[in-house]
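Visitor: I would like a close look at one part of this chain, the very start of it. Please take me through that part and then show how it sits in the whole.

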Amino acid sequence: QVQLVESGGGLVQPGGSLRLSCAASGSIFSINAMGWYRQAPGKQRELVATITSGGSSNYADSVKGRFTISRDNAKNTVYLQMNSLKPEDTAVYYCNADVRRSIVTPVYKYWGQGTQVTVSS
């Protein structure tokens, strides 16, 4: 089995910063893309940022220039540095990873349990 565990969420004032981490563990042969999504109350889950195993990243327009995604392949961990936070960034943030568990198995997408980020004064 594969587990993704997020950490780093919390309450922050507008303009502040937070850094989220997500560590994958378990039966892992390789990890392709990793990413962060978020879901605000009453809204659909939306893409925040993704990063390939080679380090190429992609961002939602709403977070470009404020958020930075990175990863440590040796630790199977993906990070999301969030700066200049706004109240509209308030959501539960989920990480995911495209994991291959062995050389002969297909790639499956796994999700973390989510971490709450609240931006409020």
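Guide: A strand here is a DSSP run of type E with at least two residues, and strands are numbered from the N terminus. With that in hand, the start can be placed: Gln-1 lies in the segment before β1, which covers residues 2-7. Keep in mind that this is a predicted model.

Is Gln-1 buried or exposed? A residue counts as exposed when its relative accessible area is over 50%. Gln-1 has 54% relative accessibility, so Gln-1 counts as exposed.

Being exposed does not leave Gln-1 without contacts. Setting aside residues up to four places away in sequence, Gln-1 touches Ser-25, Gly-26 and Ser-27, and also Arg-101 and Tyr-110. The C-alpha atoms of Gln-1 and Ile-28 are separated by 8.4 Å, with their positions 27 residues apart along the chain.

Tyr-110 leads on to another residue. Asn-96 is also in contact with Tyr-110, along with Lys-109 and Trp-111. The place of Asn-96 is in strand β9, residues 91-100. Its other contacts, leaving aside neighbours within four places in sequence, are Leu-4, Ala-33, Met-34, Gly-35 and Tyr-37. Buried means under 20% relative accessible area. Asn-96 has 3% relative accessibility, and therefore counts as buried.

Leu-4 leads to a third residue. Gln-113 touches Leu-4, Val-5, Glu-6 and Tyr-94, again not counting residues up to four places away in sequence. Gln-113 sits in the loop between β10 (107-111) and β11 (115-119). The C-alpha atoms of Gln-113 and Tyr-94 are 6.6 Å apart, while the two residues are 19 apart along the chain.

Now the whole. The protein chain has 11 strands and zero helices. Its radius of gyration is 14 Å, close to the 14 Å that the globule rule gives for 121 residues, so the chain is as compact as a globular protein of that length. Along its principal axes, the C-alpha trace spans about 50 × 25 × 25 Å.

Contacts between distant positions, such as that of Gln-1 with Tyr-110, have a counterpart in the totals. Among contacts in the protein chain with a separation of 6 or more, 56% are between residues 24 or more positions apart. Buried residues make up 39% of the 121 residues. The protein chain exposes about 6300 Å², and carbon and sulfur atoms supply 49% of that area. As for charge, there are 12 positive and 7 negative side chains, and the centres of the two sets lie 4 Å apart.

Methods:
Residues are numbered from 1 along each chain as its sequence is written. This is a predicted model: local features need pLDDT of at least 70, side-chain atom pairs count only at pLDDT 80 or more; totals for chains, interfaces and linings use all residues. Side-chain values use heavy atoms; hydrogens and water are left out. Helices (H or I, at least four residues) and strands (E, at least two) are DSSP runs, numbered from the N terminus. The radius of gyration is taken over C-alpha atoms; the globule rule is 2.2 Å times the number of residues to the power 0.38. Buried means under 20% relative accessible area, exposed over 50%, partly exposed in between (1.4 Å probe, protein chains only). Contact means heavy atoms within 4.5 Å. Accessible areas come from the Shrake-Rupley method with a 1.4 Å probe; for residues, only the protein chains shown count as cover. Lys and Arg count as positive and Asp and Glu as negative; His and the chain ends are not counted. The place of a charge is taken as NZ of Lys, CZ of Arg, CG of Asp or CD of Glu.
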